[in-house]
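Good morning. I have one structure to show today, and I will go from the whole chain to a single helix pair.

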Amino acid sequence: MSNRSVSNEGLFRGIRRWDLVAVTINGIIGAGIFGLPSKVYALIGSYSLIAFVVCALVVMLIILCFAEVGSRFEQTGGPYLYAQEAFGSAVAFEVGWLIWLARLTAFAANCNLMISYLTLFWPAANTGVTRALIISGVVIALTALNILGVRQAAVASNIFTIGKLVPMLIFIAVGLFFINPHSFALGARPATGAFSQSVLLLLYAFTGFEMAVIPAGEIKNPQRDLPRALLIAMAVIAFTYILIQVVCIGTLPDLAKSTKPLADAGQRFMGTAGAAIISAGAIISVAGNLNITVLSASRVPFAIAERKQLPSMFATVHRRFFTPHISIVVTTALMLVLTLKSSFVAALTISTIARLVAYGITCAALPVLRKRADVPPAHFKLRGGPVIAIAALILSAWLLLNSTLYEAIVAAIAAALGFAIYLAYRLLSKTN
């Protein structure tokens, strides 16, 4: 292995340009789009189509900020690294902690929904010991795959991306011929709070792109390829999601009551085979997302340890596989516990709130880094960057304000716990 293919952190740069697009698509498309169309429709009816568009625009503003800031760096860490350079170690640790927590809870949410779809083929999959064994098997397999090498994880990501997009495209292509135009009557305008809550809920399905920027130390040319991959992936996903919601509204009269809206809609216009195709697609989609979640989440404690804010064992790189194996094992062990103890709905918005805070810090870093002469230059310069960053910050704050009091309290406790860990380790490091 040549020196040029290994980063300064000791990691192998095995993620190529189109691998990165697949990683981004896999990071965003998980379980959310298979479960949320009915939940959003129940809140605001056909106005949910507008909510999809609004959410896509909000996320695109944030992605544009990530594209510029990410194009400055080639080390591992993503939002944690950006916060470190722009705002210092305390803010950086908090961002890293929240991003890591968001990935852990998202893994639990997605894995539980995957089991729910698996019940179509195996009714006992979501009961007792069987459920625990399936979840444990998934976690162990993904742990092994990611320890064996980033190239193996990237190849698996490419396969999963094709496997998840094909059923969605079949669903759209066939479903558009069975749409009832009368289903799109808008009716009374929903309350502002209900619309905002819908956009916040949809954010779960549109986010996850930060997973592509975290393992920058394992990307062949991160400064050039990251902005392109983020924008291409977002365009593909927004187009696909909006058409999926169109088909769901136009073909499923009881959409608001459905727990598996795509499978139920597919069954109406493609029969039992349609439901099976969509359910299989959901399982493949979630599996691909879980793979990228392990890849990205395990690199967060690695990056933090690289900067002496966690024990050095988390920064250990396997001599043969060039992967942060200890960080991977610790992360996946916690994922296993959370998945066995939680559910899809319980983990959903907590994960989203944690991400929004981290996104806001990255957007705020854009104008700060532009004024600094001691940071690497941006390979992607966003026209009107500071204005877009401010708009993204305002929109993120708007979404955060529409979270419930309970969710806000849980997120605040999580943030406080992270800060306590930061202070405790800092004090311990000084005494030693």
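**Overall shape and one helix pair**

For 432 residues, a compact globule would have a radius of gyration near 22 Å, and the chain agrees with that at 21 Å; the radius is taken over C-alpha atoms, and the globule rule is 2.2 Å times the number of residues to the power 0.38. This is a predicted model, in which local features need pLDDT of at least 70 and side-chain atom pairs count only at pLDDT 80 or more, while totals for chains, interfaces and linings use all residues. Residues are numbered from 1 along each chain as its sequence is written, and side-chain values use heavy atoms, with hydrogens and water left out.

Along the principal axes, the C-alpha atoms fill a box of roughly 65 × 45 × 40 Å. Of the 432 residues, 56% count as buried, meaning under 20% relative accessible area with a 1.4 Å probe, protein chains only. Among contacts (heavy atoms within 4.5 Å) with a separation of 6 or more, 84% join residues 24 or more positions apart.

The chain has 16 helices and zero strands; these are DSSP runs, with helices being H or I of at least four residues and strands E of at least two, numbered from the N terminus.

Now the pair. Helix 7 (residues 150–175) packs on helix 10 (residues 222–251) at an angle of about 50 degrees, with the axes 9 Å apart. Axes are lines fitted to C-alpha atoms over the stretch in contact, and angles run from 0 to 180 degrees between N-to-C directions. That makes helix 7 oblique to helix 10, since angles under 35 degrees count as roughly parallel, over 145 as roughly antiparallel, 65 to 115 as roughly perpendicular and the rest as oblique. Helix 7 contributes M168, F171, I172 and G175 to the contact, and helix 10 contributes T240, L243, I244, V247, C248 and T251.

Notes: Buried means under 20% relative accessible area, exposed over 50%, partly exposed in between (1.4 Å probe, protein chains only).
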